[in-house]
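Reader: I should like to go through this structure term by term. For each label, please set out the value behind it and the criterion it has to meet.

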Amino acid sequence: MTSVRSVPRPRSPLPRIALLAGLVWAVAACGDESWSGRAAQSSSTAWKEPSTYTYTLDSTGGERLLTGTFRVSVRDGKVTHAVGLDEESRRVVQRSPGAVPTIGRLVKELEQARHDGADTAEAEYSTVGHPLRITLDPDANAVDDEARYVIRDYTPGPA
């Protein structure tokens with residue numbers, strides 16, 4: 001009986017190259033997806049603050065003056081009326097009514113935190129462009145310097 005031995009033929013590198021290219025593309029696509037999410041978040045900061053609107057602000061985190069839940073009315077870029085909806089916020093409105101921000105001021109605070117290299121400076125935006133959540137933490141190793149803002153019941157007024 002004669003044994004037949006096959007002579008190894010050189011394999012084409014194309015399947016391996018195709019697999020590698022596919023993996024690189026998949027990883028890059030995932031990276032692009034998260035990047036485009038960040039880009040969408042950043043571009044959402046181009047939201048134009050209307051001249052008149054109302055909103056509810058939940059402000060938490062850290063040892064700061066601005067904590068609690070507020071109902072805020074804005075006209076011409078200024079808070080015209082702020083009502084504290086809980087004990088903490090009522091104290092803030094009574095002692096420091098100027099501490100209650102417009103949404104525009106919160107967006108500027110976010111942009112400044114990004115510019116300053118904060119460890120966390122994130123925002124989530126509505127489909128119409130205004131922020132729904134802003135999370136700030138200038139230094140992850142510091143205690144009580146974070147701020148979390150939740151914006152709800154946003155209602156633009158007549159122009």
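Reader: Which residues does T56 touch, and what makes them contacts?

Author: Leaving out residues up to four places away in sequence, T56 touches T69, F70, R71, L85, V150, I151, R152 and D153. Contact requires heavy atoms within 4.5 Å, so each of these residues is counted as touching T56. The model is a predicted one.

Reader: Why is T56 called buried?

Author: The limit for buried is under 20% relative accessible area. T56, which has its place in strand β1, stands at 2% and therefore counts as buried.

Reader: What makes the pair T56 and D153 a polar contact?

Author: The side chains of T56 and D153 make this contact at 3.3 Å. The cut-off is a pair of N or O atoms within 3.5 Å, one able to donate a hydrogen and the other to accept it, so the pair qualifies.

Reader: What is the exposure class of D153, and why?

Author: D153 lies in strand β6. Its relative accessible area is 46%; partly exposed is the class between buried, under 20%, and exposed, over 50%, and D153 therefore belongs there.

Reader: What is notable about the phi of D153?

Author: D153 has a positive phi of about 55° although it is not a glycine. Most residues other than glycine have a negative phi. D76 also has a positive phi of about 55° and is not a glycine either.

Reader: Where does D76 lie, and why is it called exposed?

Author: D76 is in the loop between β2 and β3. Exposed means over 50% relative accessible area; at 60%, D76 therefore counts as exposed.

Reader: How do you know whether D58 is buried or exposed?

Author: D58 is found in strand β1. Its relative accessibility is 17%, and the limit for buried is under 20%, so D58 counts as buried.

Reader: What surrounds D58?

Author: Apart from residues up to four places away in sequence, D58 touches G68, T69, R148, Y149, V150 and R152. With T69 there is also a polar contact between side chains, at 2.8 Å. This value falls within the 3.5 Å cut-off, so the label applies.

Reader: How do you know that the strands form one open sheet, and which strands are its edges?

Author: The 6 strands form an open sheet in the order β3-β2-β1-β6-β5-β4, with antiparallel pairing. β3 (78-84) and β4 (120-125) stand at the edges: each has a single partner strand, so one side of each is left without a neighbour in the sheet. Neighbouring strands are turned by 20° against each other on average, direction ignored.

Reader: What makes β5 and β6 a pair?

Author: Strand β5 (residues 131-137) and strand β6 (residues 147-156) are joined in the antiparallel sense over 4 bridges. Pairing requires at least two bridges, so the two strands satisfy the criterion. One of the bridge partnerships is that of L136 with A147 in β6.

Reader: What accompanies the sheet along the chain?

Author: The chain has 3 helices and 6 strands, and read along the sequence they follow the pattern α-β-β-β-α-α-β-β-β. Helix α2 (residues 87-95) lies across β2 (68-75) and β3, at about 45° to β2.

Reader: Which residues touch the most other members of the largest nonpolar core, and what makes it a core?

Author: This core has 27 residues, and Y55, L57, F70, V100, I103, L136 and Y149 touch the most other members. A nonpolar core consists of buried residues of listed types, including Val, Leu and Tyr, joined through side-chain atoms within 4.5 Å. At least two residues each come from β1 (52-60), β2, α2, α3 (103-115), β4, β5 and β6, and α3 gives the most, with 5 residues. In soluble globular proteins, nonpolar side chains tend to be buried together.

Reader: How far apart are G62 and D145?

Author: G62 and D145 are 83 residues apart in sequence and 5.0 Å apart in space, C-alpha to C-alpha. G62 lies in the loop between β1 and β2. Beyond its neighbours within four places in sequence, G62 is in contact with D144, D145 and E146. Its relative accessible area is 21%; buried requires under 20%, so G62 is called partly exposed.

Terms used
Residues numbered from 1 in each chain as written. Predicted model: local features only at pLDDT ≥ 70, side-chain atom pairs only at ≥ 80, totals over all residues. Heavy atoms only, no water. Axes fitted to C-alpha atoms, helices over the stretch in contact; angles between N-to-C directions. Buried < 20%, exposed > 50% of the residue type's maximum accessible area, 1.4 Å probe, protein only.
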